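The following questions concern a two-chain model and the contact between its chains. Please look at the structure before reading on.

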Amino acid sequence: MIKVRTVFEKKGRAKYISHLDLNRFIMRVFKRSGLPIWYTEGFNPHPYIVFAMALSLGFESDCEIMDFNLTEGVSFGKIKKILNDILPEGLKILYVTTPEHKIKDIGKAEYSVECITENPEENEIFLTELQKFLELPEINVEKKTKKGIKLVDIKPLTELTNIINKSDNIVLNMRLPAGTQNNFNPMLFIDAFSAVSSVRFETGKISRTGILCADGEVFK
Amino acid sequence: MLREKIEKYLLDVQKPSRYIGGEMGSIIKNPDETDVSFAFCFPDTYDIGMSHLGMKILYSLTNSRENYRCERVFAPSEDFEKIMRENDIPLYSLENLQPVREFDFIGFTMQYELSYTNVLNMLDLAGVPVWQKERSENLSPIVVAGGPCVCNAEPLADFFDIMILGEGEEVNLELMDLYYKHKQKGSSRTEFLRDAVNIQGVYVPSFYNVEYNIDGTVRSITSDEGVPAVIHKRIISDFDKVYYPDNFVVPFTEIVHDRASVEVLRGCIRGCRFCQAGFLYRPFREKSGESIYSQAKALCENTGYDELSLASLSTSDHSDISDMLSNLIDYTEKNKINLSLPSLRIDNFSEELLEKVKKVRKSGLTFAPEAGTQRLRDVINKNVTEDEIMNTCRIAFEGGYSSVKLYFMMGLPTETDEDIVGIAELAQRIVDLFYSIPERPKGRGVQVSISTATFVPKPFTPFEFEPQDTREMIERKQKLLIDSVKTKKIKVSWHNSDVSLLEAVLARGDRRLSKVIYTAWKNGCKFDSWGEHFKFDVWMNAFKECGLEPEFYACRKREYNEIMPWEHLDYYVSKDFFIRENMKAREFKTTPNCREKCSGCGVTAMTRRACFD
Ligand code: SF4
């Protein structure tokens, strides 16, 4: 059995495919590919395919991780070509590799969120208010968990790594806790800010830009 | 740009991937590089429309012509329709996200009567005038209808430029070819329509004039000069060789039938007297076992589906059923594909095949006796005997099954209380059978579900003359059935009979109903086939407003010599045959199936050859 990790992008029309739908859809892609995919054993055998992290509906990404096993060796270049010939617009395998980290090593994820102010002249105000917001002692938001809704202070968890003011939009890059146990959606922060900001804005493109291990190393 | 506008709102609606296209297998052509475009509209939501086989066939077929382009269009759900209307997003196609009104053809497939209001709603969303006479003399867009409902399309006559009778594989392309010529010539709409009537199967309703008697029945249907008086349907004569797609569009989101499907035969040899499809698609034609096998294989390989179904009215009637199934089961098993089989007549299967079939059959046990007594089953010519039902149930119970589903109709011609009570008695005998079998599944009780639908008399059947039971009659029979059931092991359910009334009106209606459909739609009716959307009161008010009575269409007995609203449409089976069959039904006499003995239904006058060698 050969373990394979692929890094793929999800963009354009494909960003409207929900995680659940992607799971079902990818089975068909593999079925069609003819790749010697390894099936789980047991009562109801199915191809073993795992996505490291779910991506919210509407988000784009160029760092999604999909793992699967093959029963016999196929060159990475060939796997990439076979899958990309099948995948529809918006889904593309960027590279294929042997897993270095375990999925449970994932600790953080990076996002970039485009904020579009209704009136671009208010960009400066947006930025000043954002600075002030970041200086608050705590930022409490409601977060859905398996046990129901609970109040979480996201201030210590949110790292705003950089802010770019591009006249017709402002891009916020941030790093948030991620992993099998603890996942934070960048919209928690954005919505909290939007609730107190005097500037009206909408979000444009939202992307996941990186998946990292707990120690900050890029997940591979 | 339209795409940006759409994307702006997509995350606010349920299942957005239904509105953006780009699925695996979809065919996206450059509009500038094609000569004729066809927007294939299904008048229901994506989830339902994407399951429809006819659309898949014609989509791939049209796109197989390099210079033609076919794109898919579905009715948006309520949440998205609201957004579309508020933000001036016109109805658009899924491939190029192009407004439907820019297409050369806007084609609807009419599968059921209760989708008529959706057609008006979609035309309106597209920004195309719903009334045919209000469209300009510009050549495009030509609004076309096809599908089984077109056999009596009169209630829709005022909305369509063209209706296509019968099977579309050849005539659609012929129509597009002709259109292309007129497009190059710069013809007007009327010039093109005038020429189109020369293609067999093409019906242009606006070239026909209908007059009525004082009692409301049709007095005459006359065609304009130079237009054929009768329109004959189209059929594919070499069905084994007819185009079949080797790939489907594979949706991201779940749809009703999400699987590969191969059409194994068209038409039906049975001649059940209530069944419109059984007559509309005559004569019976089948694909060879090899074609079925290779088409199934190609489809599974190209789509990656892990489920395969066989499409037909009655798969058991395939002449090579044993080998055909046996080969398919071998292939699907080897490739980890589920083969979903319909209820099969298993009388002539070998032991070996039976074993194979048993292994793949996972679906429940269902029967459609349609009527509760042998007498009434003879009236409707439904060739199922109680022995057959009992035998199959016995085998199934011994094999571990413990639930059975039975389908019946209520309000059939000649029906008496005895027939209704007979439904409950049949179910009771199945319950008793279960407990008489020593090998029955232990620890579980038996469950027999009875599902009844109100009988809807349809055009082009021997029962086209028959009145439908009124609501009061049906309600009394439903109560009688409930009272006749003596155990909790039998469950009874039924369809809403108001829906059946409307279905009966639209199925056998005439042109005057266009106004009613329009009024109902204007007052908010759409998705009438969805229980939660069905507004019976609004429909009844629409009838009143237009001065028409639903009972006139649904509950009136029609004489054999009455001119039917569809009298000028020919589906090959003659009216004489329907009259003969109707008379036989009244005498409780059955008619043999086509393979046993030809009953001279009239089909050969058009096909000019015997249906079976
Ligand atoms: S012509 Fe005879 S065999 Fe052919 S469909 Fe009619 S009844 Fe059946």
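Q: How many salt bridges are there between chain B and chain A?
A: This is a predicted model, in which local features need pLDDT of at least 70, side-chain atom pairs count only at pLDDT 80 or more, and totals for chains, interfaces and linings use all residues. Residues are numbered from 1 along each chain as written, chains are lettered from A in the order written, and side-chain values use heavy atoms, without hydrogens or water. A salt bridge is a side-chain nitrogen of Lys or Arg within 4 Å of a carboxyl oxygen of Asp or Glu; B:Glu7 and A:Lys15 form one, at 3.2 Å from N to O. The count between chain B and chain A is four.

Q: Which three residues supply 30% of the area that chain B buries against chain A?
A: The two chains bury about 2100 Å² between them, 57% of it on carbon and sulfur atoms. Buried area is the accessible area (1.4 Å probe) lost on putting two parts together, summed over both. The 30% share, more than any other three residues supply, comes from B:Leu11, B:Met24 and B:Phe252.

Q: Which helix of chain B gives the most to the largest nonpolar core?
A: A nonpolar core joins buried Ala, Val, Leu, Ile, Met, Phe, Trp, Tyr and Cys residues through side-chain atoms within 4.5 Å, buried being under 20% relative accessible area (1.4 Å probe, protein chains only). The largest has 128 residues, and B:Ile162 and B:Phe192 have the most contacts inside it. Helices are DSSP runs (H or I, at least four residues), numbered from the N terminus. With seven residues, the helix that gives the most is α5 (residues 116-126).

Conventions: Buried means under 20% relative accessible area, exposed over 50%, partly exposed in between (1.4 Å probe, protein chains only). Helices (H or I, at least four residues) and strands (E, at least two) are DSSP runs, numbered from the N terminus.
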